[in-house]
Structure formats: structure tokens, C-alpha cells
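Here are my notes on the model, as numbered points. Please read them with the structure open.

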Amino acid sequence: MSKMAAQEVMLPPQLAGKLKGSFAYNTIKDKLPVILTRVINNLDQHKNEFFKEHGEKGIEAEKKVIDSLSKLLDELQTDKPLIALNDNLPDTTLWNQCLEHHRNLSDGPPSWFQSPWLYTECYMYRRIHEALTQNPPISEYDVFKKEKDHGFFESEQAIIVLSTYIQELLKNIEDLDEKFLKEEFLKLPQVSLWGNKCDLSLSAGADSSQKSDPLQSVEELKSFILVDHMEKLWSVLTNKKNLNAQSTRLDIVLDNAGFELTADLVLADFLLSSQLATEIHFHGKSIPWYVSDTTKHDMNWTIKQMQSANHKWMSRCGVCWEGYMKKGAWVYHDHLFWTLPHEYSRMAQVAPDLYTELQKSNLIIFKGDLNYRKLTGDRKWEFTVPFHQALNNFHPAPLCSLRTLKCDIQVGLKPGQGEQLTKTEPEWMIIGKYGIVQFDAAS
Ligand code: F6P
Ligand code: MG
């Protein structure tokens, strides 16, 4: 048995679709096929645009992609063995090594329902990417773009509220004393947290935009925060500030585009303008991922949309954000590790350059549910296991998860808290109603 396989035996097992009725099983059986079917329909509806842009070649490519995806859908629905990737991208070998690893671990061949859910679900998105990548001239087409853009436009009122709030606040930011600064600070991570309700993967692509006033919701939703380490975040950021550190670096590992991304950018603007942080590094996906996850293109598009909005404060936000990017106070990164199926405890080994980059941070914020699954290895931990333990040696820097609960994993709860919730609300872990602000100091 390899060293890695031996280590895995010591940990709780990863979630998988083997158990009928489990959330993993239901996701693979019901949700992933819906997402794939929507992708196929979207390509079909886009046929005329492909023709306009690329002529007959565009139509031929579109047909081939649809064929590949229909085959993929059949493989998934009939629990066929997973197959090696056939493209030639920088991560292809890593994916195929992963397949070998699972082959060695299991009795039968790796398959959709038998293998770890984290692996198979990520594999589906990577296969969608493979289908496109192999079919120029439409290889660059983002099959989720339409839904992501729709999510942004549908949330416009909430974005206006948030932009107005931040621009008013920034007018006096230098005069705010520490008490007021702290009050404001405590609000914005919560807006960013609840923004995570707006993901298009849980809703399988159906509209899930922000309709209510996001600032008013902060008060209403407070009691749904199961782990609240906001004070610890404040301490990390203010300790650095008081020590007159030359720079305070914050990293945000982004999740969904649309309202959630806008809320993250407003939080980043506040932290920079208040000098709680002096540089902010964003980490996004390098390929379309889990329907609504942010790519570099989504980030740039969002900033441009804000700039050109027909609303003074939205537009001001967009102009400022572009300025931060230009002068390097905000930096956008992508790395192929974020779209591998690995738990983060493997980052130091698989992507040492990324791990070293994150070690430069004073605080890393991980947004969303998928990041939480990867932080905790997607394992069936006991509710009371400390977050630090579930991170399984992933400690590049102090870190925090801002996540609404959308899968059946939760650690760091008080004794009895999880059991009580299960009794009163059996679906508490999977409906996105509850949230956490969960911190680990790294040392
Ligand atoms: O479908 C699996 C899943 O990880 C869910 O647990 C969650 O609904 C979604 O995908 C991703 O959520 P998020 O955008 O918050 O990472
Ligand atoms: Mg997401």
C-alpha cells in the first residue's frame, strides 16, 4: 500500500454516492444529469451564434460537443467506469494519475456512484471542459456564462443597495473611530457569507439571485450562523494594523460569480480602504466550474458591468475596482489546482507553488461550500471534531471559511448542537439556510 493510501485509511472515509438516499447519491442521480442536460440545451440554443461567428465549422463543432456530452450523460446515468482524459492540457496527466490512484484504492473500477463524490463531481466538470477544448473553433465557449450573467442582472437591486452603502461609508472612512470601524467590519463578511446562497450548482442552474436587501438580511439571518468567529477575524486584521506592519495581505479564494462575487468585492474594497488590509489577492477558477464559479473573464466582466451601470454608485465601485487592479492593490490569480479533485491537504504536495503563495498571506478567506468540502477532505467527520483537525495539516496561513451549508459535512460544532439540529430540522445541512464563519489560526 502506498504512503498516501495508508494515510487515507486513518481518516474518516470520503463521501460517495454508494449509499442510496445520501446527499451524494441524490446529487449524482438527480442534480448532475439536470446540469448536463442544461449544458446540452444551451449549446443547442446557441447554434445560430456559433454559425454567425464561425460558419459551418462552428455548427460541426457544436454537434461534436453535444455528442460527447450526451455520451457523458449516459455514462453517468448508467454508472459506467470513469475513463481517462484524452485532451492535452496542463492538468491532463494529473487527472489521469488520479484515476489510477482510485483504481488502486478500490475493488472495482472507479465509477460515478462507487468512487468518492468529490472526485466524480469534479470529473464531470472537467469532462465538459474536455468536450469543448477538443472542438475548435468553439473551445473557448463558457457553457455557463449565460446563467452567470443572468444571476448578476437579476441581483441588480441588491447590488445597488450594497454599492450605495459602501460608497457612502468610504466617504468618511478615515474619520471612523475603531468602534464604528469594527461595527462596519462585522457586517460585510456576513453579506459575503449569505451571498453564498446564490450558487447555481445547488439550484442546478435555476435562478438563485439575491432579491432581498442584503444589509437588512444580516440582522435577520444572524441566528442562522452556527459557528461565528468574526471576532477572531477582526483580531487578526487589527493586530497586524496595530503592529504597524508594512503590509497586510488578505487572500480570497472566490466561489460564485453574480451577487456573491460583488459582495466579496465590496468586502475587499472596505478592507483595503480602511487599511485593515493593504493588498488583496483573489483566486478564481481557470475553467468553467460548478456552474457559477468565478473565472478571470467573469471577474473582468463584473468590474466592467459595474463601471458601465446606469447608477452612480455602482459605476463608482466599478471605476475604483479597476483602479485597484491597475495599481496592484488587488491581484487576480488562477491556478489549475483549484479545478483538480484534490482535498486541500494535498496542496503542498501537488501544487507547492500555490501553497508557498498562500503562505505569504495574513488571512485566507475560503468562500463557499465546495471549498469547505475540499478543506475538510469531503469526509464524514463527527460534528465536534475541531476544524484544525479536519484540515488535516493544511495550514498555509490563518484561514477562514465563509460558507452556507449545502452538503452533509460540518465540523467544529458544540457537543449536541448537530444532533439537536438534526432532530428539529433534518435537512439543516443541505438547504443553504445555515452558515458558518469558521476560523483556524494555523499554528
Ligand atoms: O453539488 C455539490 C455542491 O458542492 C453542493 O454541496 C453545493 O450545492 C454546490 O455544489 C457548490 O456550492 P458552492 O458554490 O457554495 O461551492
Ligand atoms: Mg460555486
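Which of the 17 residues around ligand 1 come nearest?

1. **Nearest residues.** K31, E121, D369, L370 and K406 come nearest to ligand 1, out of 17 residues around it. Keep in mind that this is a predicted model. The distances and areas below are computed from that prediction.

2. **Polar contacts to the ligand.** Three side chains deserve a look. An N or O atom in the D369 side chain sits 2.5 Å from an oxygen atom of ligand 1. For the side chain of D255, the distance from an N or O atom to a ligand oxygen is 2.8 Å. The side chain of R373 also places an N or O atom 2.8 Å from an oxygen of ligand 1. D369 is thus listed twice in these notes: among the residues that come nearest, and here with its 2.5 Å pair.

3. **Ligand burial.** How much of ligand 1 does the protein bury? Taken alone, ligand 1 exposes 390 Å². The protein buries 100% of that area.

4. **Who builds the shell.** Three elements give two or more residues to the shell around ligand 1: α2 (23–45), α6 (117–133) and α17 (369–375). Of these, α17 gives the most, with three residues. By type, the shell residues divide into five nonpolar, five polar and seven charged.

5. **Position relative to the domains.** Why does ligand 1 lie between domain 1 and domain 2? Both domain 1 (16–133) and domain 2 (169–440) give residues to the shell, so the ligand lies between them.

6. **Helix α6.** This shell element has 17 residues. From its first C-alpha to its last, α6 reaches 24 Å, close to the 24 Å expected at 1.5 Å a residue. The helix is mostly covered, with 16 of its 17 residues buried. Y119 is found in α6. At 2% relative accessibility, Y119 counts as buried, because the cut-off is under 20%. The C-alpha atoms of Y119 and P398 are separated by 27 Å, with their positions 279 residues apart along the chain.

7. **A cis peptide after α6.** Check the bond that joins P136 and P137. It is a cis peptide bond, with omega at about 10 degrees. P137 is found in the loop between α6 and α7 (145–154).

8. **Helix α5.** How many residues does α5 have, and what distance does it reach? The helix has 14 residues and reaches 20 Å from first C-alpha to last, close to the 20 Å expected at 1.5 Å a residue. Its buried residues are T92, W95, C98, L99, H101 and H102. For reading that list, recall that an α-helix has 3.6 residues a turn, so residues three or four places apart point the same way.

9. **The loop before α5.** D79 lies in the loop between α4 (56–77) and α5 (92–105). D79 has a positive phi of about 50 degrees, although it is not a glycine. Its relative accessibility is 25%, so D79 counts as partly exposed. N88 lies in the loop between α4 and α5 as well. N88 is exposed, with a relative accessible area of 77%. The C-alpha atoms of N88 and Q417 are 48 Å apart in space and 329 residues apart along the chain.

10. **Another positive phi.** N392 is not a glycine, yet it has a positive phi of about 50 degrees. N392 lies in the loop between α18 (387–390) and β6 (399–404). At 23% relative accessibility, N392 counts as partly exposed.

11. **Two glutamines in helices.** Is Q190 buried or exposed? Q190 is buried, with a relative accessible area of 2%. This residue lies in helix α9 (residues 178–195). A polar atom of the Q190 side chain lies 2.8 Å from the backbone oxygen of L186. Q305 is found in helix α13 (residues 296–307). Q305 is partly exposed, with a relative accessible area of 22%. The C-alpha atoms of Q305 and F153 are separated by 9.5 Å, although the two residues are 152 residues apart along the chain.

Note on methods: Residues are numbered from 1 along each chain as its sequence is written. Chains are lettered from A and ligands numbered from 1 in the order in which they are written. This is a predicted model: local features need pLDDT of at least 70, side-chain atom pairs count only at pLDDT 80 or more; totals for chains, interfaces and linings use all residues. Side-chain values use heavy atoms; hydrogens and water are left out. A residue is near a molecule or strand if one of its heavy atoms lies within 4 Å of it. A polar contact is a pair of N or O atoms within 3.5 Å; within protein, one must be able to donate a hydrogen and the other to accept it, and residues adjacent in sequence count only if both atoms are side-chain atoms. Accessible areas come from the Shrake-Rupley method with a 1.4 Å probe; for residues, only the protein chains shown count as cover. Helices (H or I, at least four residues) and strands (E, at least two) are DSSP runs, numbered from the N terminus. Ala, Val, Leu, Ile, Met, Phe, Trp, Tyr, Cys and Pro count as nonpolar, Asp, Glu, Lys and Arg as charged, and the others, Gly among them, as polar. Domain bounds come from an automatic or database domain assignment. The expected span of a helix is 1.5 Å times one less than its number of residues. Buried means under 20% relative accessible area, exposed over 50%, partly exposed in between (1.4 Å probe, protein chains only).
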